[in-house]
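Biologist: Before we begin, could you show me the model and teach me how to read its features one at a time?

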Amino acid sequence: MAAGSPAGGEIRPYHIIVFGASGFTGRFVVEEVARACPAGPGGTLRWAIAGRSRDRLEKVLLQAAQALSKPELRSVEVIVADVAQPESLAIMCKQGVVVLNCVGPYRFYGEPVVKACIENGAHYIDICGEPQFLEGMQLKYHSKAQEKRVYVIGSCGFDSIPADMGILYTRDQFKGTLTAVESFLTVSTGPEGGCGHEATWQSAIFGFADSASLRSLRKKFGHKPLPVVGAPIKKRGALFYSKEIQQYSIPFMGSDPSVVRRTQRCMHQEHQQAPVQYAAYVGIGGVFSVAKTFFAGLMFWLMTKFSIGRSLLIQFPEVFSFGLFSKAGPSKKQMEGTSFCLSFFGEGYSNGRDPSQGKPDAAITTQIKGPEPGYVATPITMVQAAITLLNEPQCLPETGGVYTPGSAFARTTLIERLNKHGVQFCVTNARKL
């Protein structure tokens, strides 16, 4: 029975294919897709999983069936596909409307999947937090995706849907012209503590080691600087005490600033909207945490400069990250006890005021709260992005292309969908300055 049609209009058997389903994050995405089945087009979501090993994929389905008490999951279709075998990717992509790519690090394994999706008419969504890959795919494939009317939407996990959609949400709730936003991320853990999986650690290692290539890549776009609307955003140091969240903070080193900047450029160029200045920070706690972060950060920076250092970092993630990352990833109890809060502090000019005249006169604070960010919130945001793409294609940009979450989903109900699934957006304060 036909399940859906992609950009080309032909009927395909599956709405969603989860590629890399047997990976650490992929297993949680599989469970989230299973929960989302009633939200599919027509009330039923038809889906399959894909990866290199049929045995491992079948084991994932068995585990999901047991975890969710859904024995019917054992009959979900399995597709064998490998990034090293383009013909297998082509066969996979021809069967799905949307491919959810969970295979990272994306700098090594992502491009063949993007290419196969575009060539075979399947929309593409990933959870990448690597600016080099995300911006590189935009530079190389945006025009090709437009021609094929295929949507390639990167960074649809915790990096960076909360930040990107959070800026749009804050702008929409602000009564006037929002001109600058600072975000502060705090993560709370339970008695068991928390950690991330080694795949995320490896992405950070290679990203830092190759930071020069990102600067070179950005020059190829030939972008002019975005106009600064209103008062310039305040400058913070590499370490400072934040009165906003009552703890020491440092700049957020993930992909959020890159993704938000790309969205703001798109909104300015395509829709003539005033760009919002943005700075992202993360709270690290008290004085002891500052000392530990400084030592770990300095060691990490030095070791990424040399191949032997990178090898040691990869081989012993738990040691060099002080337990923040491990090869096993977080336990179930750790995930259950972990949550995040992303707070946005925005300033701007109330209705009727000219942003070119004087200081901002209005402020707004919004928050996004959710469960453990890496392996609970990320599957939720990724799957809800896919459901939104399937159910609201008329609200996406008129042509295909390589997009950020904000530039793709700005006119959709994605935020409302996330609110219903435990990633909550709300206004906490709005006032005159």
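Modeller: What follows is a talk about helices, burial, salt bridges, hollows and backbone angles. This is a predicted model, in which local features need pLDDT of at least 70 and side-chain atom pairs count only at pLDDT 80 or more, while totals for chains, interfaces and linings use all residues. Residues are numbered from 1 along each chain as its sequence is written, and side-chain values use heavy atoms, with hydrogens and water left out.

Biologist: Let us start with helix H8; what span should its twelve residues have?

Modeller: Helices (H or I, at least four residues) and strands (E, at least two) are DSSP runs, numbered from the N terminus. The expected span of a helix is 1.5 Å times one less than its number of residues. For H8, residues 198-209, that rule gives 16 Å, and the end C-alpha atoms are 16 Å apart, which agrees.

Biologist: Which residues of H8 are buried?

Modeller: A residue is called buried under 20% relative accessible area, exposed over 50%, and partly exposed in between, using a 1.4 Å probe and protein chains only. In H8 the buried residues are Glu198, Trp201, Gln202, Ser203, Ile205, Phe206 and Gly207. Another case is Asn101 in strand S4 (residues 96-101), which counts as buried because its relative accessible area is 0%.

Biologist: How should I read a salt bridge, and how many does a search of the whole structure find?

Modeller: A salt bridge is a side-chain nitrogen of Lys or Arg within 4 Å of a carboxyl oxygen of Asp or Glu, and the search finds twelve. In one of them, the side chains of Arg107 and Asp210 meet at 3.3 Å, N to O. Arg107 lies in helix H4 (residues 106-109) and Asp210 in the loop between H8 and helix H9 (211-221), so this pair ties together parts that are 103 residues apart in sequence. Arg107 is partly exposed at 25% relative accessible area, and Asp210 is partly exposed at 30%.

Biologist: Are Glu392 and Arg417, which also form a salt bridge, buried or exposed?

Modeller: Both Glu392 and Arg417 are buried, and their side chains meet at 3.1 Å, N to O. Salt bridges may also be joined up, as in the network that links Glu31, Glu32 and Arg35.

Biologist: Two of those names bring me to the hollows; what is the volume of the second largest pocket, and which residues lie nearest its centre?

Modeller: On a 1 Å grid over the protein atoms alone, a cavity is a set of points where a 1.4 Å probe fits but cannot get out, whereas a pocket is an open set with protein on both sides within 12 Å along at least five of seven lines; lining residues have an atom within 4 Å of a point. Grid points are joined across faces, edges and corners, and a volume is the space filled by probe spheres set on the points. The second largest pocket has a volume of about 440 Å³, and of the 18 residues that line it, Phe28, Glu31, Arg35, Lys332 and Met335 lie nearest its centre. Helix H1 (24-35) gives the largest share of this lining, six residues.

Biologist: And how many cavities of 30 Å³ or more does the rule count?

Modeller: The count comes to two, and the largest cavity has a volume of about 60 Å³. Its lining takes two or more residues from each of strand S5 (123-126), helix H6 (131-148) and strand S15 (401-403), with H6 giving the most, three residues.

Biologist: Finally, what should I look for in the backbone angles?

Modeller: Most residues other than glycine have a negative phi, and most peptide bonds are trans. Here, the peptide bond from Gly104 to Pro105 is cis, with omega near -5°, and Pro105 is found in the loop between S4 and H4. A cis peptide bond also joins Asp159 and Ser160, where omega is about 10°.

Biologist: Where does Gln246 lie, and what is its phi?

Modeller: Gln246 sits in the loop between strand S9 (240-242) and strand S10 (247-251), and its phi is near 60°, a positive value in a residue other than glycine. Gln246 is exposed, with a relative accessible area of 56%.
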